[in-house]
Amino acid sequence: MADLWQSAMDHAVAIARKAGETIREALLNDRKVTTKSSSVDLVTQTDQKVEKMIIQSVKERFPAHRFIGEESVAAGEASNLTTAPTWIIDPIDGTTNFVHAFPFVAVSIGFAVNSQVEFGVVYSCLEDKMYTARRGKGAFCNGEPLQVSDQTDVKQSIIATEFGSSRDPEVVENIFSSLRKILCIPVHGVRGAGTAAVNMCLVASGSVEAYYEIGIHVWDVAAGSLIVTEAGGVLMDVEGGEFDLMSRRVVAANNKTIAERIVKEIAAFQPERDDHS
Ligand code: IPD
């Protein structure tokens, strides 16, 4: 049977690659920065330009589709995930990295229908790595199949996480409390690429066993979530329940054993959901 969404996925890969070229050029010439929710929540003209470019090109090809885009939401648009075909876009995941030329920057494009992610595309454009997953058809990096690590012992694991962009003392305290406990399990190490999407692709690639974060947004994780599960991994809420795309909380791991072990050490809190109205 023909794959209903294959042409949309092909379009996503092509436009992510084009967006990556724009980002690479801008990295050399144009990194003017402004701030959003706080002095460390950064945005550049390139984020806005790339998001517009992606949305424009998708609208021309798929006029009935909807969008949730990081910069459109920052400009006041709603971020409600309906049953309609919806493109969930982070034009630059790792904006802080981009601003500082720290070499992990990704274009993240997820596509959901009936609130279920059908395909995910993460283009880590400075590494030229194109991660893709189509529901039920596996996950790939530059065309090579991805498989999560088979490690079940958390003490032999590397865990990825991020500090996020909140500097609220209570939030920072929670982040450090979780980090201290996880580090002292002890695990082999804790890492963070500075982009949620790439962290998830590192889980899918078997380079780290798990990634967790509270405070991410749907555009940071929509594409990566499918790449993880299609590579054989699992998703969970930070309190152990079912992963919820709009909840701003994620644990992505190679297997349930590691995910549940990490969950035990996380000081959970609930930021305002992406679909608050
Ligand atoms: C951010 C990155 C970062 C994560 C933040 C995200 P952005 O996305 O994914 O790693 O810690 O929670 O908001 O702002 O660079 O698109």
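The paragraphs below go through a predicted model, beginning with its domains and ending with a single loop residue.

The domain assignment of the protein gives two parts, domain 1 (6-145) and domain 2 (154-263), and their C-alpha centres lie 20 Å apart. Contact between them involves 35 residues of domain 1 and 25 residues of domain 2. On the side of domain 1 that touches domain 2, the elements giving two or more residues are β3, β4, α4, β5 (106-113), β6 (116-124), β7 (129-134) and β8 (139-141), and of these β6 gives the most, with six residues. Sorted by class, this side of domain 1 has 19 nonpolar, 11 polar and five charged residues.

The ligand can be placed relative to the two domains by asking which of them supplies its surroundings. Both domain 1 and domain 2 give residues to the shell around the ligand, and the ligand therefore lies between them. The shell comprises 16 residues, of which Asp93, Thr95, Glu162, Gly164 and Ala196 are the closest. By class, two residues of this shell are nonpolar, eight are polar and six are charged.

Within domain 1, helix α2 (residues 45-61) allows a simple check of geometry: at 1.5 Å a residue, its 17 residues should span 24 Å, and the end C-alpha atoms are 25 Å apart, which agrees. The buried residues of this helix are Thr46, Asp47, Val50, Glu51, Ile54 and Val58. Seen down the axis of α2, these buried residues fall within an arc of 130°, so they line one face of the helix. The spacing behind such a pattern is a general one: an α-helix has 3.6 residues a turn, so residues three or four places apart point the same way. On the other side of α2, Gln56 and Glu60 are exposed. The partners against which the buried residues of α2 pack are α1 (6-29), β2 (42-44), β3 (66-69), α3 (70-74), β4 (86-93) and α4 (95-100).

A last stop is Val208, which is found in the loop between α6 (196-205) and β12 (210-214). Is this loop residue, Val208, buried or exposed? Val208 has 30 other C-beta atoms within 10 Å, and because 20 or more are enough for a residue to count as buried, Val208 is buried. Leaving aside residues up to four places away in sequence, Val208 touches Ile158, Ile159, Ala160, Arg191, Leu202 and Val203. Trp87, by contrast, is 121 residues from Val208 in sequence, and the two are 28 Å apart in space, C-alpha to C-alpha.

Definitions and conventions: Residues numbered from 1 in each chain as written. Predicted model: local features only at pLDDT ≥ 70, side-chain atom pairs only at ≥ 80, totals over all residues. Near = placed C-beta within 6 Å. Nonpolar A, V, L, I, M, F, W, Y, C, P; charged D, E, K, R; others polar. Domains from an automatic or database assignment. Helix = DSSP H or I, 4+ residues; strand = E, 2+ residues; numbered from the N terminus. Expected span 1.5 Å × (residues − 1). Buried ≥ 20, exposed ≤ 12 C-beta atoms within 10 Å, placed from the backbone. Arc of directions from axis to C-beta. Contact = placed C-beta atoms within 7 Å.
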